[in-house]
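These are my notebook entries on a structure I went through today, looking at charged pairs, one helix position and the contact between chains.

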Amino acid sequence: MRSSVTRLSQAARTAAGSAAISSSTPGPYCWVNPAAPSSSSSGPLAGRSIAIKDNISFSGAPTSCSSRILDGYVPPYDATCVQLLTAAGAHIAGKAKMDEFGMGSLTTHMPTSYSAVHNPSGPDGDAEPRYAGGSSGGSAAAVAEGTAWAALGTDTGGSVRLPASYCGIVGHKPSYGMISRHGVVSYADSLDCVGVLAKSVSSVRDVFGVVSQPDDNDMTCASTEDREKAATAASKVTGPLRIGIPIQTHLEAPNVQLPTALLEYLRDTGATLHAVDMPSFRMALPAYYVLATAEAASNLGRFGGGWYGADWEKEKVEGEETGMQRRRRIRTTGFGDEVRKRILAGTHALTADAFNNSYLKALSLRRDVRRDFAAVFRAAHPVSGGDAPSKDGVDVLLFPTAVRTAPKFGQASSGAKEYLQDILTVPASLAGLPAISVPAGRAEDGWPIGVSLVGQWGHDEVVFRAAEGVEAWLKQ
Amino acid sequence: MASFLRTRIHVARSAGTSISAGPSRLRSPLFSRAASSSATTASSSEEGWELIIGLEIHAQIRTGSKLFSRAKTVYDEMPNTHVQLLDAAFPGTLPVIDPEAVRLALLTAMALNCNINPRSTFDRKHYFYHDIPPSYQITQHYNPIARNGTLRFEAGEPGVNRTFDVGIHQLQIEQDTAKSQTVASEVLVDLNRAGTGLMEIVTEPHMRSSDEAGAFVRKLQGLLRRVGSGDGDMEKGNLRVDANVSVRRPGQPFRTRCEVKNINSVRFLQQAIEAERKRHIEHYETQPGVPLRQETRGLNEMTGETYSLRSKEDAEDYRYMPDSNLPALAIAPAFLESLRTAVPELPWETVSRLTSTFGVDRRDVETLIGLDEYTGAGIAYFEAVVGNNAELGKKASNWVTHELLGRLTKNNKTWSPEVVPASLLGEIVSAVEGGKVTGTVGRSVLKHVVMTGDTSKDFETLVSELGLSASADDLRASCEAVIAKLPKEAEKIRQGNQKVVMRLVGEVMKMSKGAADAKRAKDMFFELLK
């Protein structure tokens with residue numbers, strides 16, 4: 001069994017190597033499937049090429065999570081979402097580059113051997129390379145350049161929506177628990193969602209329909225019963241949409257603004273627009289960073305233990321080394337800077353002295369965010385109920401996905417600014433709500449901008465409908 | 001999957017080495033540095049000190065599979081052969097709880113009279129060690145499944161000379177670790193045990209002697225087996241005990257306690273408690289005013305002394321955090337009610353019922369319970385033997401525990417409800433006690449059935465087939481034969497010397513090989529020799 005795994009892993013690495021060498025521009029993939037799509041496949045996704053983010057387990061290729069610590073690691077199983085894709089006839093196009101373990105927003109936190117991921121969606125004649133965004137940057141770029149019809153990414157605090165916005169495509173973070181996480185390498189379990197990226201809402205819906213299934217291998221994956229409740233609740237949202245615009249998401253120029261023409265168009269089609277107050281949004285960011293880093297510190301504790309991992313882990317070093325020293329060496333050299341930073345921050349948040357003032361405080365802020373969302377929606381949560389549905393509530397929230405267009409290479413902002421972006425994307429993650437970023441034209445610099453729509457839990461279809469409204473505006 | 005893993009044992013610096021299959025005692029060194037106190041026998045200085053004991057018990061949940069993976073739980077098998085990807089913490093794997101483990105933990109909690117938490121949750125306890133591949137143990141730190149129970153002890157139970165309750169602080173579900181073993185400079189790890197479900201049962205400090213602590217463990221073992229939630233087998237390590245020990249002057253506040261970890265027999269538990277008692281008293285007697293260091297200690301099983309593992313100051317920060325992969329365990333009230341009716345009669349309840357209803361000896365009830373601690377089949381068998389003749393209870397228990405079990409032992413057979421059907425033994429007991437046949441006849445029938453294994457015939461048939469029936473005609477014929485054989489003695493009886501009749505009765509018994517009824521033979525002689 002071992003030898004076959006080794007062979008597989010070598011074949012996979014050869015494929016990855018040859019793809020990188022043969023490609024004249026640095027590509028979005030860390031592994032390209034050498035096989036061509038099968039012409040004989042059947043199913044709703046027959047013949048469709050779909051890229052999967054490199055933190056989603058696929059037994060046909062290494063799953064490195066862009067980390068040296070998992071360099072060449074070939075999972076002995078397929079993630080549930082991968083099984084569903086292939087069963088539906090899809091062709092796995094390749095493994096898409098990402099920020100290490102999902103930590104980052106530009107797809108820059110990668111092993112040094114990985115070439116940068118370019119944003120393929122710039123205006124004609126703009127030769128200055130820009131980032132694709134992150135952490136699912138490879139997935140977004142693969143779709144935008146057309147080598148994949150769709151892609152799976154993961155979204156913990158915006159990692160699908162942000163690159164979708166930068167690359168001018170659609171990126172959907174489903175309601176928490178809709179797509180099984182079994183086989184998806186955890187960053188922060190309570191926030192992680194597998195998401196779908198494609199060029200149109202209709203394509204996203206097709207892929208989502210295939211991978212959004214209950215799964216006995218993931219206890220946080222929504223049950224058939226809960227899905228039925230959600231579908232029934234979502235089907236009751238009919239007629240003109242009531243769209244809320246959170247005042248906290250309005251940032252002053254030069255930050256990206258909601259296009260006025262879009263708002264007018266939506267109003268002309270019968271939707272009503274409402275300013276809503278979401279005071280907890282301001283505290284969402286610190287809450288997110290405490291929770292995400294704490295969970296990451298816990299989840300990433302498993303690496304360096306020796307049961308799986310990179311080949312270099314097995315090499316002996318000179319002299320005596322205890323098991324603990326060995327683990328320390330592997331983790332210190334195996335993780336990149338950003339990951340080490342977040343593990344340390346998360347470890348601190350969980351220490352006895354800091355726990356009450358960091359982790360517990362963050363949990364309480366997370367409840368505030370949930371409460372703000374619950375208060376603003378017209379429909380109650382289909383499973384947990386909660387606040388009585390409000391007639392004056394809205395069906396979806398609308399705001400810019402990103403504060404700016406894709407940054408230029410080398411313009412990678414300092415840590416603080418990289419984090420600031422997250423204020424637009426993390427509240428939906430903390431509340432586990434469906435959120436989609438859909439293209440909304442281009443900014444003055446000619447690069448794409450995207451707008452986000454967020455709905456009640458389980459209302460993914462309502463969010464799709466609203467996003468199709470934005471698409472219709474863009475097409476007219 | 002297992003074979004895939006087996007080829008990859010290279011934890012720490014141990015590439016490709018095989019792991020010895022023998023049971024290893026977790027982090028329990030054979031030799032330790034000597035404990036500070038010398039072994040002193042109880043002396044007058046030990047008087048006036050009260051011993052305070054609380055226990056923490058880890059009992060593997062008897063489901064046959066691991067708590068969050070579907071790997072089987074095994075003992076003493078080839079290392080790393082019962083390991084699923086989750087047990088080795090492969091990236092992307094997620095825990096899926098076994099509902100049977102929850103059911104058994106709930107039954108146990110009910111038997112311990114605990115309050116059941118309708119919404120318990122799982123947390124992660126973090127530390128880096130080879131025996132814990134994900135670097136955290138899933139446990140119930142913040143919201144355990146049950147709290148506030150009691151286990152009652154009555155004066156007269158083995159090792160107990162007062163009536164008291166041991167409070168159960170809490171019962172929580174958690175994962176067991178892997179086994180790790182240091183061989184020369186290599187650390188070898190066996191994941192077969194990793195992820196096995198445990199119940200951690202924490203008592204209040206309500207025990208006052210090592211005998212009481214031993215009695216608690218034995219009573220809990222019986223409870224676990226009867227409820228079916230655990231084997232409680234300390235030798236196999238599926239029940240392990242930590243003891244918290246301190247001493248104080250009666251009526252005064254508690255003093256510093258020390259915890260002795262991972263004790264794996266009742267004898268060692270009592271040894272550890274005694275060693276700690278002596279050590280604490282000696283400390284307070286020789287260094288009054290100096291507080292004892294709060295420590296975690298181990299037991300050196302060779303010397304019976306304890307030794308320091310770590311002091312409270314270097315206690316690890318486990319960074320407890322809710323486990324987001326596991327939703328809260330919400331227990332539906334209807335399910336809880338149905339479980340309440342499923343709690344069987346517990347061993348000590350059986351003892352008290354049978355001793356008071358039938359006057360059966362405690363020891364005999366314990367023997368009956370011991371026939372099958374898990375199902376109570378021994379008790380059920382005894383009750384079937386008694387049937388509706390409650391007045392035969394004590395005799396029936398003698399027949400089961402002495403005649404039947406003794407006969408089985410002699411013939412090297414083990415008991416089951418089928419070896420001698422309860423209905424047949426019931427017939428034997430009532431025939432003997434009703435005077436229809438002698439005890440000897442009853443025992444002969446029993447012996448025959450045990451030896452032949454033929455359980456198809458009823459009592460009457462067996463008696464006559466074995467030639468053991470003693471009809472009135474047979475008796476008269478026997479008596480006449482004896483009179484003919486012993487004319488002198490017969491004459492004495494005719495002349496009124498009644499004592500001599502026993503000589504004749506003895507002869508009848510000899511002839512009938514014990515089958516005859518002595519009382520009826522005596523009456524017959526008086527009738528014939530009027």
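Before counting, I fixed the term: a salt bridge is a side-chain nitrogen of Lys or Arg within 4 Å of a carboxyl oxygen of Asp or Glu. The model is predicted, and I read every value below as computed from it.

Entry 1, salt bridges. I searched the whole structure and found 49 salt bridges over all chains. In chain A, I looked up A:R161 and A:D155, whose side chains meet in a salt bridge at 2.9 Å, N to O, and I noted that both A:R161 and A:D155 are buried. I then turned to A:R329 and A:E321, which also form a salt bridge, at 2.8 Å from N to O. Here I had to record the two ends separately: A:R329 counts as partly exposed because its relative accessibility is 23%, whereas A:E321 is classed as buried because its relative accessible area is 9%, and buried means under 20%.

In chain B, I looked up B:E465 and B:K457, whose side chains meet in a salt bridge at 3.4 Å, N to O; B:K457 has a relative accessible area of 30%, so I entered B:K457 as partly exposed. I also wrote down one network in which salt bridges with shared partners join B:E276, B:R279, B:R293, B:E295 and B:R297.

Entry 2, B:L269. I located B:L269 in helix α4 of chain B, which covers residues 266-286. Is B:L269 buried or exposed? I entered B:L269 as buried, because its relative accessible area is 0%. Leaving aside residues up to four places away in sequence, I found that B:L269 touches B:L55, B:A213, B:G214, B:V217, B:V241, B:A243 and B:I263. I also checked B:L299, which lies 30 residues from B:L269 along the chain, and the C-alpha atoms of the two are separated by 8.8 Å.

Entry 3, chain B against chain A. I found 44 residues of chain B in contact with 49 residues of chain A, and an area of about 4000 Å² buried between the two chains, 61% of which comes from carbon and sulfur atoms. How many salt bridges are there between chain B and chain A? The count is one, and I identified the pair A:D189 and B:R124, with the closest N and O atoms 2.9 Å apart. For polar contacts across this interface, I recorded 15 residue pairs. On the side of chain B that touches chain A, the elements giving two or more residues are α1 (2-6), β4 (123-126) and β15 (321-322), and α1(B) gives the most, with three residues. I closed the entry with the make-up of that side of chain B, which divides into 28 nonpolar, 11 polar and five charged residues.

Note on methods. Residues numbered from 1 in each chain as written. Chains lettered and ligands numbered in written order. Predicted model: local features only at pLDDT ≥ 70, side-chain atom pairs only at ≥ 80, totals over all residues. Heavy atoms only, no water. Helix = DSSP H or I, 4+ residues; strand = E, 2+ residues; numbered from the N terminus. Buried < 20%, exposed > 50% of the residue type's maximum accessible area, 1.4 Å probe, protein only. Contact = heavy atoms within 4.5 Å. Buried area = accessible area lost by both parts, 1.4 Å probe. Polar contact = N/O pair within 3.5 Å; in protein donor to acceptor, adjacent residues only side chain to side chain. Nonpolar A, V, L, I, M, F, W, Y, C, P; charged D, E, K, R; others polar.
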